[in-house]
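Open the structure in your viewer and keep the selection tool at hand. We will walk through it one stop at a time.

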Amino acid sequence: MKVSEIFEERATFSFEVFPPKTDAGMEKLCGKGGVLEQLYTMHPDYISCTYGAGGTNVGKNLEVLQKIKADGKCTPVTHFTCIGNTKEGIKEQLQTYLDNGIDHILALRGDLPFGWTGTNGDLHYATELVKFIRKEFDDKFTIAVAGSPEGHVQCRSLESDISFLKQKQDNGADYIITQLCWDMDQFRYWLDAIRAAGIWLPVDVGIMPITTISGTLTNALSRNACVMDRKLCEIISKYWLFPNPYAPEDAMADQKKADFRKAGLDYTIDLIDQYRACGIDGIHLYALNKYEDVAYIVENSGIIDLV
């Protein structure tokens, strides 16, 4: 069943993983008893795998997706970006995915490498990629697109960002996966705003488990420019590692890290409760190629029935 068809029946539940750079990492993720097999025990509807800018590590991306497809436990979804890609190259790569039974895609512009002013490819925006996929492959792909509740960090305004999201819908997208957002007031505003703009696509909310101070700060500031709400800031402050969380020398570092992880996971569960109360269409957990953290969240949030 296509993911777009599942949305017509119920809320979806899914994970994101990334293609490891080493053979040891691949074995940990894809090997017997590895992370993928552990994630299957929670019965996700799909698992997506990231795709680096310009096709970085694309071979491992396909290998991970082939494993998911062969296991037959859920739908594999590939990320795909415009960065450094020609039209012919895009056609060739997408046909390879189809030849391997991968027919779901998250269509992205992609993060521009440092110093780049454009994609250095034939397509410049995700809107163009969606249109190109539909033109060349018709309905052979189910297409997800990114939504930014706080507006894309490089977009000139939230209103402009919403207009581009509407264009993605008009060009043939099937559903939205949101970027990281902890500001629930902003999310509710965005959800009302996209519906008012005529965007009816299902909204699958991307959730990053809060597990480390350094990881939280990096995710908030390095790419997404996300607002950290008061509750999250209080947790960070309570367990702050001195002199800084990236190179702690704090005598209590190990205990603080453990306490922060527990508080962060509970914060994540509370956030999921608030998202579900908004009537969203799915929860998409960033597994970070690990099992224990997302398993704790799933078990304690009631996202899925465990019986």
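Which elements make a right-handed β-α-β unit? Select β3, helix α5 (residues 87–99) and β4, which together form that unit. Right-handed here means that, with the strands pointing away from you, the path from the first strand over the helix to the second runs clockwise. Helices (H or I, at least four residues) and strands (E, at least two) are DSSP runs, numbered from the N terminus.

Before going further, note that this is a predicted model, in which local features need pLDDT of at least 70 and side-chain atom pairs count only at pLDDT 80 or more, while totals for chains, interfaces and linings use all residues. Residues are numbered from 1 along each chain as its sequence is written, and side-chain values use heavy atoms, leaving out hydrogens and water.

**Stop 1: strand β3**

Now select residues 75–81. Seven of the seven residues of β3 are buried (under 20% relative accessible area, 1.4 Å probe, protein chains only), so the strand is largely enclosed by the rest of the structure. In a regular strand the side chains alternate between the two faces of the sheet. Show side chains: T75, V77, H79 and T81 point one way, and P76, T78 and F80 the other.

**Stop 2: the neighbouring strands**

Add β2 (residues 46–49), which runs parallel to β3 and is joined to β3 by four bridges; strands count as paired if DSSP finds at least two bridges between them. Look for Y46, whose bridge partner in β3 is T75. Then add β4 (residues 104–108), also parallel to β3 over four bridges. There, A107 stands opposite F80.

**Stop 3: the cysteines**

How many disulfides does a search of the whole structure find? The search finds zero, taking a disulfide as a pair of cysteine sulfur atoms within 2.5 Å. Select C30: the nearest cysteine sulfur, in C49, is 8.0 Å away. C30 is buried, with a relative accessible area of 14%. Next select C181, which is also buried, at 2% relative accessibility. The closest cysteine sulfur to that of C181 is in C226, 6.6 Å away and too far for a bond.

**Stop 4: a pocket**

Finally, select A11, T12, F13, I303 and I304, which lie nearest the centre of the second largest pocket among its 15 lining residues. β1 (12–17) and β8 (282–286) are the elements that each give two or more residues to this lining. The pocket holds about 220 Å³ of space.

Definitions and conventions:
On a 1 Å grid over the protein atoms alone, a cavity is a set of points where a 1.4 Å probe fits but cannot get out, and a pocket is an open set with protein on both sides within 12 Å along at least five of seven lines; lining residues have an atom within 4 Å of a point. Grid points are joined across faces, edges and corners, and a volume is the space filled by probe spheres set on the points. Buried means under 20% relative accessible area, exposed over 50%, partly exposed in between (1.4 Å probe, protein chains only).
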